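I opened the notebook to record what I looked up in this model, starting with a strand pairing and ending with the core.

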Amino acid sequence: MQPRSLEWKEKEKLFVVTWQCGRITSFPLVFLRKNCPCATCKDASKEAKQKDPFKLLPSNPKDPDQAIRIDPVGRYAIRISWEDGHATGLYSFDVLKELSHKLDAENAH
Ligand SMILES: [Zn+2]
């Protein structure tokens, strides 16, 4: 599923996706960083959960919430380069779609 448009609101630290259906999702950048789909980040959160499945992952105040670049990758993904140099996370539009549901669920609480 390809979004209709993508917008990076640098000042607001938001990445706004307009989907084909007209729905709009405003991703806080810190949320995208927390859900970085790269192998390193995924393993880190999986490991922490395996040690203690009931442990809530602490929100790291050092988590950068500022991107220095957001680049399109082909017609299927974006790559976000963070201010701490981390840039291996490839957010495919499928991943963004999944994350938009997760964001909705989190906001519902
Ligand atoms: Zn990562």
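Which residue in strand 3 does Val16 stand opposite? I found Ser26 there. I note that this is a predicted model, in which local features need pLDDT of at least 70, side-chain atom pairs count only at pLDDT 80 or more, and totals for chains, interfaces and linings use all residues. Residues are numbered from 1 along each chain as its sequence is written.

I then looked at the pairing itself: strand 2 (residues 14-18) and strand 3 (residues 24-28) run antiparallel and are joined by five bridges, where a pair requires at least two bridges found by DSSP. The two strands form a hairpin with five residues between them, and Gly22 in that turn has a positive phi of about 100°.

For the whole protein chain I listed three helices and six strands, taken as DSSP runs numbered from the N terminus (helices H or I, at least four residues; strands E, at least two). Their order along the sequence is β-β-β-α-α-β-β-β-α.

Next I checked burial, calling a residue buried if 20 or more other C-beta atoms, placed from the backbone, lie within 10 Å of its own. Buried residues make up 11% of the 109 residues in the protein chain.

The largest nonpolar core (buried Ala, Val, Leu, Ile, Met, Phe, Trp, Tyr and Cys residues joined through C-beta atoms within 7 Å) has nine residues, among them Phe15, Leu32, Trp82 and Tyr91. Strand 2, helix 1 (29-34) and strand 5 (77-82) each give two or more residues to this core, and strand 5 supplies the largest share, three residues.

Definitions and conventions:
A residue is buried if 20 or more other C-beta atoms lie within 10 Å of its own, exposed if 12 or fewer, and partly exposed in between; C-beta atoms are placed from the backbone.
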